[in-house]
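Me: I'm still new to reading protein models, and I'd like a close look at one part of this one. Could you take me through the loop residues with unusual backbone angles, and then show me what surrounds them?

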Amino acid sequence: MPVAFGTAYECLFTAGKLAVGQTVLIHAGAGGVGMAAIQLAKRAGATVIATASREEKLERLKALGLDHGINYVTESFIERANQLTDSRGVEVVLDSIGGQNLIDSIGVLAYRGALVSVGVAARAGSQVEARSLWARNNALHGVFLGGAILSEYARVHPMIGDMLERVANGELQVEIDRSFPLADAAAAHEYAESRKAFGRVIITP
């Protein structure tokens with residue numbers, strides 16, 4: 001929980017400067033960071049768009065605050081996001097995919113929008129052309145919670161404490177999909193990698 005919500009907070013607010021009334025596109029909305037980001041963004045007064053690979057996942061994400069879901073398997077997230085914003089674009093994109101997905105996300109940024117890179121689930125690097133950011137004065141940010149904890153402990157520690165309190169009092173939710181005993185660790189990893197999970201997969205001792 002600290003990693004998912006702490007990372008989501010850093011992406012949205014520390015790097016992305018997300019504000020009330022703005023729009024955010026969250027890739028991999030059904031992942032741990034994605035679910036945390038949807039909740040935090042919605043409670044901050046933003047319009048929330050997210051991508052996922054299955055319609056049923058997008059439908060379930062509405063309960064967490066999702067306004068618009070995009071099935072990236074059946075439609076272009078670039079075309080759909082621009083359609084949803086009347087071609088204005090979004091102020092913040094949270095990308096945990098990397099590869100071509102990171103590059104394509106530049107095409108949905110609003111003027112002075114922020115593209116936040118926080119992972120490489122696609123297991124591929126991204127050759128981002130700096131000039132592609134110039135036209136709309138966009139920014140590319142990298143986020144690593146571990147680095148922030150080491151460099152900014154005095155700020156990050158109470159932020160994560162606040163996230164824990166908000167989960168404890170029920171304001172924020174942590175979705176647990178399935179729990180496996182340690183003896184079935186291989187099966188747990190296989191299930192997680194199948195991308196069928198909605199939320200966290202837990203291994204218990």
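**A close look at two loop residues and their surroundings**

Reply: Let's start with Ser87, which sits in the loop between helix H4 (77-84) and strand S4 (90-95). Keep in mind that this is a predicted model. Ser87 isn't a glycine, and yet its phi is positive, at about 70°. There's another residue like that to look at: Asn137, also not a glycine, has a positive phi near 50°. You'll find Asn137 in the loop between strand S5 (109-117) and S6. Is Asn137 buried, partly exposed or exposed? With a relative accessibility of 35%, Asn137 counts as partly exposed.

Now for the strands these loops lead to. In what order do the six strands of the open sheet line up? The order is S3-S2-S1-S4-S5-S6, and the pairing is parallel. Strand S3 (68-71) and strand S6 (139-142) are at the edges with a single partner strand each, so one side of each has no neighbour in the sheet. Going from one strand to the next, the twist averages 20°. So the loop with Ser87 leads into S4, and S4 has its place between S1 and S5 in that order. The loop with Asn137, on the other hand, leads into S6, which is one of the edge strands.

If you want to see one pairing in detail, try strand S1 (residues 23-26) and strand S2 (residues 47-52): they run parallel and are joined by four bridges. Find Thr23 and look across to S2, where its bridge partner is Thr47.

Next, the charged side chains. Side chains of opposite charge can pair when their charged atoms come close. How many salt bridges does a search of the whole structure find? It finds eight. One of them joins Glu171 and Arg166, at 2.8 Å from N to O. The two ends of that pair are covered to different degrees: Arg166 counts as buried at 17% relative accessibility, because the cut-off for buried is under 20%, while Glu171 is partly exposed at 32%.

Arg155 and Glu152 make another salt bridge, and here the closest N and O atoms are 2.9 Å apart. Arg155 has a relative accessible area of 28% and is partly exposed, and Glu152 is partly exposed as well, at 35%. This pair isn't on its own, either: Glu10, Glu152 and Arg155 are linked in a network of salt bridges. Then there's Lys62 with Glu59, where the closest N and O atoms are 3.2 Å apart. Lys62 is partly exposed at 47%, and Glu59 is partly exposed at 48%.

Finally, zoom out to the whole chain. It has eight helices and eight strands, and buried residues make up 41% of its 205 residues. Its radius of gyration is 17 Å, which agrees with the value near 17 Å for a compact globule with 205 residues. Along the principal axes, the C-alpha atoms fill a box of roughly 55 × 40 × 30 Å. Of the contacts between residues at least 6 apart in sequence, 58% join residues at least 24 apart. As for the outside, the accessible surface is about 10,400 Å², with 53% of it belonging to carbon and sulfur atoms.

Key
Residues numbered from 1 in each chain as written. Predicted model: local features only at pLDDT ≥ 70, side-chain atom pairs only at ≥ 80, totals over all residues. Heavy atoms only, no water. Pairing = 2+ DSSP bridges. Helix = DSSP H or I, 4+ residues; strand = E, 2+ residues; numbered from the N terminus. Axes fitted to C-alpha atoms, helices over the stretch in contact; angles between N-to-C directions. Salt bridge = Lys/Arg side-chain N within 4 Å of Asp/Glu carboxyl O. Buried < 20%, exposed > 50% of the residue type's maximum accessible area, 1.4 Å probe, protein only. Rg over C-alpha atoms; globule rule 2.2 N^0.38 Å. Contact = heavy atoms within 4.5 Å. Areas by Shrake-Rupley, 256 points an atom, 1.4 Å probe, with all protein chains shown as cover.
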